[in-house]
Amino acid sequence: MTREPPEPLRLDYLIRAGAIHSMTGETYRSLGVRGAEIVAVSADLNGLDDLAGGGTAVVEAGDLTLLPAFADSHEHLMEASRNTLLVPVDKARSVAEFTGMVADAARDAAPGEWIVTSMGWHESNLAENRLPSLAELDGAAPDHPVLARRGGHLAVVNSAALRAAGIGPDTPDPPGGKIGRLPDGSRDGTLEGGAVYQVAAFTVGPDRAQLAAALGTGSAAYAALGVGTIREAMINLDELLAYQDARDRDLLRVRVRPMIRVGAELTEDAAIALIDGLGARSGFGDDWLRIWGLKFVLDGGVEGAALEQPYANDPGNSGHLNWDPVALTRVCAEAVRRGWRIGTHAVGDRAVRTLLDVYDAVVAQVGPLPPWTLVIEHGMLTDATQRDRAVRGGFGVTVQHPLLWNMGSEMLVTWGPERTRRVSPLDQWHAAGADLAAGTDIVRPFNPMTAVWGMVTRGTKSAGVQGPEHAISADTALEIYTMGTAALNHEQDRLGSITPGKLADLVGYPADPLAADPDDLAELTPAFTIVGGRPTHDPDKRLAR
Ligand SMILES: [Zn+2]
């Protein structure tokens with residue numbers, strides 16, 4: 001018997017860089033990629049030269065610092081992609097521009113056709129700093145129903161939309177939702193929580209083929225900002241099929257880890273039946289598209305978060321819970337028994353406390369669970385007791401500085417300055433030993449380095465610096481944005497660091513984020529992004545083979 005000598009390891013890419021931060025404490029100068037994986041690293045710029053062969057692309061990147069590609073722990077890639085097909089009111093800078101875009105769309109639409117806007121807008125970007133009114137939308141589109149969703153929890157509509165959805169003066173608020181009124185009792189055109197879904201159900205959206213194509217364009221925009229993985233924060237089953245279409249057509253430019261929505265409008269039995277009907281469990285899929293788990297929404301956003309103390313601008317209101325805790329406990333326990341991981345939106349401190357009660361009760365019923373099985377999404381307002389309970393229970397937290405960055409001004413109004421300053425105190429979560437994973441939740445491509453800058457400085461878009469004492473180091477910010485999310489996704493053995501044997505998800509920057517002045521990070525964009533050994537962003541063709 002003779003044995004063939006082992007085939008020499010020939011690299012597809014040999015990258016020589018200024019610095020390569022592994023995010024596990026090492027810094028290298030050269031790195032080798034073969035197929036989808038990192039196969040070799042060296043602290044020596046020329047340490048891997050022997051592995052280069054005729055087919056190896058040698059990338060001279062002495063001007064760049066390499067990091068693991070960013071992994072966003074909570075972002076709505078589906079909505080951000082769909083937004084590219086909708087009325088782009090996120091680009092409006094005044095109410096007149098906003099309603100002008102709606103009027104233009106109505107002019108081009110068939111009679112009675114729904115006009116649906118992008119969700120990625122916010123009134124703080126409008127000169128008037130307020131929502132467009134029902135009357136203004138009626139003026140822009142008297143004959144077409146208009147739905148202008150703003151983020152995940154709020155929408156404004158016109159009279160035709162209320163008519164089309166069968167909402168009259170006496171229609172009751174849906175569970176977990178509110179249909180807004182003016183002081184005289186008439187409708188004001190605002191919808192909150194479940195009311196958004198109640199109206200959105202009447203719209204006709206893009207078909208699956210259009211959605212799959214939009215996911216291609218949408219994911220490429222995130223790749224261009226250095227993102228390698230997105231944990232998709234909420235989709236339904238049709239949208240999961242659109243993701244599968246996009247995967248089959250090789251359109252995705254980021255890895256996606258979807259969460260499937262289990263809505264609060266369902267009865268306990270209907271929710272459990274939905275979960276039974278999925279016929280799969282967490283982890284199903286491949287390296288590009290793998291189901292993360294289930295998504296529950298316990299309270300609202302800045303306007304509807306369930307708070308321990310009333311709203312600063314509305315002393316009679318302390319927000320709302322969408323689920324009865326006993327019902328949520330039963331549904332979560334049944335889901336966990338079927339192999340599902342759960343992420344639950346809890347923004348306000350009353351919601352976080354309620355969720356900790358629910359998760360503790362689930363663990364009491366089903367026994368100990370691996371880390372990142374029961375997850376707190378956001379946990380924006382907490383006290384030390386709640387943070388300790390989360391750590392003790394093994395409940396990780398996904399954190400999103402961009403929400404404070406984007407909505408700090410609204411939080412100052414609704415929650416008041418004291419609560420705004422202590423939104424998502426990453427220093428305290430970190431000191432308590434919490435499992436953290438960083439992300440954005442901003443429903444449009446957002447530069448991860450702006451989020452890192454925000455975690456390091458507590459800076460915001462228009463509310464100044466909020467709670468500078470809660471800043472963390474750039475090193476920790478990068479770690480929870482790479483390793484943290486890899487652990488959240490139960491793939492820390494495959495992703496999250498620059499380590500031989502892991503997937504080659506890399507991003508190269510023209511500055512070293514660990515050495516740079518924090519203020520130089522906010523606008524820093526990558527020279528290239530690689531996912532699974534494939535360039536997903538390479539404007540200067542530095543990775544050309
Ligand atoms: Zn979200």
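**Exercise 1. Find which residues Ile115 is in contact with, leaving aside its neighbours within four places in sequence.**

Solution. Take contact to mean heavy atoms within 4.5 Å. Leaving aside neighbours within four places in sequence, Ile115 is in contact with Val87, Val102, Ala105, Ala106, Ala109, His144, Pro145, Val146 and Leu147. Next, place the residue: Ile115 lies in strand E6, residues 115–116, where helices (H or I, at least four residues) and strands (E, at least two) are DSSP runs, numbered from the N terminus. Finally, Ile115 counts as buried because its relative accessibility is 3%, and buried means under 20% relative accessible area, exposed over 50% and partly exposed in between, with a 1.4 Å probe and protein chains only.

Before going on, keep in mind that this is a predicted model, in which local features need pLDDT of at least 70 and side-chain atom pairs count only at pLDDT 80 or more, while totals for chains, interfaces and linings use all residues. Residues are numbered from 1 along each chain as its sequence is written, and side-chain values use heavy atoms, with hydrogens and water left out.

**Exercise 2. Decide whether Met411 is buried or exposed, and describe its surroundings.**

Solution. Begin with the element: Met411 is placed in helix H12, which covers residues 401–414. Its relative accessibility is 0%, so Met411 counts as buried. Not counting residues up to four places away in sequence, Met411 touches Val302, Met380, Leu403, Leu404, Gly416, Thr420 and Val423. As a last step, compare sequence with space: Met411 and Tyr311 are 100 residues apart in sequence, and their C-alpha atoms are 9.8 Å apart.

**Exercise 3. Identify the protein donors of the zinc ion and say how they are spaced in sequence.**

Solution. Donors are N, O and S atoms within 2.8 Å of the metal (3.2 Å for Na, K and Ca), and since water is not among the atoms, sites may look incomplete. The protein donors are His74 (NE2), His76 (NE2) and Asp441 (OD), which lie 2.1 to 2.2 Å from the zinc ion. Their spacing in sequence is H-x1-H-x364-D. His76 lies in the loop between strand E5 (70–75) and helix H1 (77–83), and Asp441 in the loop between strand E18 (436–438) and helix H15 (448–457), so the pair ties together parts that are 365 residues apart in sequence. Both His76 and Asp441 are buried.

**Exercise 4. State how many helices and strands the chain has, and what share of its residues is buried.**

Solution. The chain has 16 helices and 21 strands. Of its 545 residues, 56% count as buried.
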